[in-house]
Amino acid sequence: MSQASAQIRKISGHPGPVPGANVEPIYTVCKLIDTTTCIGCKACEVACLEWNGYPFRETVFDNSYQTMPETAWNYWNLIKFNEVEGADGSVSLLMRKDQCMHCAEPGCLAACPADGAIVQYANGIVDFQQDHCIGCGYCVNGCPFNIPKFDPATKKMFKCTLCVDRVTEGLEPACIKSCPTGCLHFGTKDDMKDLAETRAQQLREHYGFAKAGVYDPPGVGGTGVIYVLHDATNPEAYGDLPKDPHIPWTVQIWKGPAKWIGNLAMVGGLLGVVLHYMRFGPKRVEEQEERKGGES
Amino acid sequence: MSASHVVPGSRESRIVRYTFDERIHHWLAGISYVYCLITGLAFWSPYLFWLAALVGGGATARFWHPWSGVIFTISVLWMYKLWSKDMATTDADRAWSKAMKYYVENEDEKLPHIGRFNQGQKTFFWLMLYGAILLLLSGLGLWFVESIPAWLRHLSIAVHVIAALATIAGFIIHVYMGTAMVRGGFNAIVTGEVTSSWARHHHRLWYEQVTRNK
């Protein structure tokens, strides 16, 4: 991305167009997760650790195949296993790979107070810059997917980078690379949307999943990670995938109107005391007053 | 603390207004509040994030802000222990409040006499006390954000912001009045002493009370 961002757009004193312009257009990238073909092998969990250099951490057994209850600061990719009983009494074991959704309108970024600690690249990837992170945890408040996690040792926040270091070098993310069933796909947002819709249509028409559909929630401007679900009307069944995620309204007010109302009030207060001083001045007590007061 | 004595070199007798204990806790609260204010404003707005650089950078500010808040709350609770009786509103305060216009416009001679603190000081005290408690409780929600449910996170943000802005309003007025407007007030909270005329002028009932048994 650093190379792409330094691509020259305009040029001075040059006859004709910018040399090399538009030969490398920047696409919005997207990860497609087809939950209907996931087998829960957790190869993506291992690949994520391998590529990002984290050791395997302690697991938590909770009567399911799930590795731990939720993602951790050094465990960014977690398959959530959920047994869901259908209306006919049949049981489905739903498996969803959980990680950062790389929202087009990221709540973490909106909530973050530290200059440059969270960035969104031109390709759509949302990335934490630990050099600038102050560890306040505001991103946790902003995220509708419960993704940013705090590392107590470094006091910084961490999450999935969508392997931005691989993607900018023309490679797919590590999780995609490792998937044995091909349920993970990576490409441009437009291509992945097409592929997802085609798969959902296939599921509806040929496999009896009448409610199959694509999860690309508009409340956060769409996401850089989209799902094909057997039942798109009930994403909550897939381990707390919110039906209509959006940046929490408290965060929106906090970072929007409350800021300007608060700033105006503070500046108003300062102006108020200055004006009072200019109009009425200080209260002085003359030392003689004791005698004067005593006489009256 | 009712002793009144003549300070050598001064033309006028001085009265002890604040004990050492009171002054220590006032300044503990004051310094910890200002630290929280500077760092809090840095987290509040990107245009004020530079304030964090004054106290060692964003990560350092983030680390100490909650601890400074704990110190502030403890010192304010200590002030409650010291002052809660003095801070109760009396009939004299109610009469004074009705005439507060004269206080604001520096026509003090038209004001009814009052005790050790005026209603403005009392309101400020209760504002900071309840503000400190709310800021600490909601601050815990922001501090340990990963350990609480989402609804409590959002409640914490709302309470912390509203309580912070309310205390800032009080703080601006308090600092202005204590330094620029009411001359002698700042000296009183540093040295603990005021002149007899200052005490007579601003807190006549208190002055009469502390000088009666002289």
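How many Å separate the centres of domain 1 and domain 2 of chain A, taken over C-alpha atoms? This tour of a predicted model begins with that question.

**Stop 1: the two domains of chain A**

Select residues 2-6 together with 24-246 of chain A for domain 1, then 256-295 for domain 2. The centres of these two domains are 55 Å apart, taken over C-alpha atoms.

Now colour chain A by pLDDT. The average is 91, and 92% of the residues score at least 70. Residues 289-296 of chain A have a pLDDT below 50, and this stretch makes 7 contacts in the model beyond near neighbours in sequence. Where pLDDT is low, the predicted coordinates should not be read in detail.

**Stop 2: the cores**

Stay with chain A and select Cys112(A), Cys139(A) and Ile226(A). These are the residues with the most contacts inside the largest nonpolar core, which has 75 residues. Strand β10 of chain A, residues 225-229, supplies the largest share of this core, 5 residues.

Centre the view on Ile226(A). Leaving out residues up to four places away in sequence, Ile226(A) touches Cys30(A), Leu32(A), Met192(A), Lys193(A), Ala196(A), Val214(A), Tyr215(A) and Asp216(A).

A second core, separate from the one above, has 16 residues. To find it, select Cys36(B), Phe125(B), Leu135(B) and Phe171(B), which are among its members.

**Stop 3: a loop residue in chain A**

Select Asn63(A), in the loop between α2 (43-52) and β2 (78-85) of chain A. Is Asn63(A) buried or exposed? Asn63(A) has 6 other C-beta atoms within 10 Å, so it is exposed. The backbone here is worth a look: phi of Asn63(A) is near 55°, a positive value in a residue other than glycine. Most residues other than glycine have a negative phi.

**Stop 4: chain B as a whole**

Hide chain A and show chain B as a cartoon. Chain B has 10 helices and 3 strands. Along the sequence their order is β-β-α-α-α-α-α-α-α-α-β-α-α. The C-alpha atoms of chain B fill a box of roughly 60 × 40 × 30 Å along the principal axes.

Of the 214 residues in chain B, 34% are buried. Counting contacts in chain B between residues at least 6 apart in sequence, 62% join residues at least 24 apart.

**Stop 5: helix α10 of chain B**

Select residues 204-212 of chain B, which form helix α10. Which residues of this helix are buried? They are Trp206(B), Tyr207(B) and Val210(B). Turn the view to look down the axis of α10(B): the buried residues fall within an arc of 100°, so they line one face of the helix. An α-helix has 3.6 residues a turn, so residues three or four places apart point the same way.

**Stop 6: the loop between α5 and α6 of chain B**

Move to Pro112(B), in the loop between α5 (100-104) and α6 (119-143) of chain B. Pro112(B) has 16 C-beta neighbours inside 10 Å and therefore counts as partly exposed. Its contacts, not counting residues up to four places away in sequence, are Ala92(B), Ala95(B), Trp96(B) and Ala99(B). Add Asp93(B) to the selection: Pro112(B) and Asp93(B) are 19 residues apart in sequence, and their C-alpha atoms are 8.5 Å apart.

The loop between α5 and α6 of chain B also holds Asn106(B). Asn106(B) counts as partly exposed because it has 15 C-beta neighbours inside 10 Å. Its phi is positive, about 60°, although Asn106(B) is not a glycine.

**Stop 7: where the chains meet**

Show both chains again. The contact takes 35 residues from chain A and 37 residues from chain B. On the side of chain A, the elements giving two or more residues are α4 (138-142), α8 (249-255), α9 (257-280) and α10 (289-295). Helix α9(A) gives the most, 11 residues. By class, the side of chain A that touches chain B has 18 nonpolar, 9 polar and 8 charged residues.

Finish at Lys283(A), in the loop between α9 and α10 of chain A. Lys283(A) has 18 C-beta neighbours inside 10 Å, so it counts as partly exposed. Which residues does Lys283(A) touch, not counting those up to four places away in sequence? They are Asn106(B), Asp108(B), Met181(B), Val182(B) and Arg183(B). For a last selection, add Lys42(A): Lys283(A) and Lys42(A) are 241 residues apart along the chain, and their C-alpha atoms are separated by 74 Å.

Notes: Residues are numbered from 1 along each chain as its sequence is written. Chains are lettered from A and ligands numbered from 1 in the order in which they are written. This is a predicted model: local features need pLDDT of at least 70, side-chain atom pairs count only at pLDDT 80 or more; totals for chains, interfaces and linings use all residues. Helices (H or I, at least four residues) and strands (E, at least two) are DSSP runs, numbered from the N terminus. A residue is buried if 20 or more other C-beta atoms lie within 10 Å of its own, exposed if 12 or fewer, and partly exposed in between; C-beta atoms are placed from the backbone. Two residues are in contact if their C-beta atoms, placed from the backbone, lie within 7 Å. Ala, Val, Leu, Ile, Met, Phe, Trp, Tyr, Cys and Pro count as nonpolar, Asp, Glu, Lys and Arg as charged, and the others, Gly among them, as polar. A nonpolar core is a set of buried Ala, Val, Leu, Ile, Met, Phe, Trp, Tyr and Cys residues joined through C-beta atoms within 7 Å. The arc is that of the directions from the helix axis to the C-beta atoms. Domain bounds come from an automatic or database domain assignment. pLDDT is the predictor's confidence in each residue, from 0 to 100.
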